[in-house]
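Thanks for sending this one over. Here are my notes, in the order in which I would read the structure.

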Amino acid sequence: MEKAGYILLGIIALVWILAVIIGSIAVFPVGLVGLIMIVGIGLLMIKVIQDRINNKEDDYYQKNIEK
């Protein structure tokens, strides 16, 4: 899931840069780019939340260590 998120964001960055260089930004579907970018960021957010939920060490420090 993490790799898919990074791949999607990388593809969007490359396509956007190429569109700017070529000058076809006016014809490029900006909504599609935004949608794919949101999906990529969403996949990374899901990975972060899963890591936090499954990390027992963080839970231990949150419950037992004083701030």
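1. A reminder before the details: this is a predicted model. Every value below is computed from that model.

2. Let me start with the overall fold. The chain holds three helices and zero strands. Read from the N terminus, its elements follow the order α-α-α.

3. Next, the contacts. Taking the contacts in the chain with a separation of 6 or more, 64% join residues that lie 24 or more positions apart.

4. How much of the chain is buried? Of its 67 residues, 10% fall into the buried class. The surface that the chain exposes comes to about 5,600 Å², and carbon and sulfur atoms contribute 70% of that area.

5. Now to the charged side chains. Side chains of opposite charge can pair when their charged atoms come close. Here the count is one salt bridge. The partners are Asp51 and Lys47, with 3.0 Å between the closest N and O atoms. That pair qualifies because the cut-off is 4 Å between the side-chain nitrogen and the carboxyl oxygen.

6. Where does this pair sit? Both Asp51 and Lys47 belong to helix 2, which covers residues 30-53. They are four residues apart, about one turn of the helix.

7. Are the two partners buried or exposed? Each is partly exposed: Asp51 has a relative accessible area of 40%, while Lys47 has 23%. Lys47 does not count as buried, because that class requires a value under 20%. Asp51 does not count as exposed either, because that class starts over 50%.

How values were computed. Residues are numbered from 1 along each chain as its sequence is written. This is a predicted model: local features need pLDDT of at least 70, side-chain atom pairs count only at pLDDT 80 or more; totals for chains, interfaces and linings use all residues. Side-chain values use heavy atoms; hydrogens and water are left out. Helices (H or I, at least four residues) and strands (E, at least two) are DSSP runs, numbered from the N terminus. Buried means under 20% relative accessible area, exposed over 50%, partly exposed in between (1.4 Å probe, protein chains only). Contact means heavy atoms within 4.5 Å. Accessible areas come from the Shrake-Rupley method with a 1.4 Å probe; for residues, only the protein chains shown count as cover.
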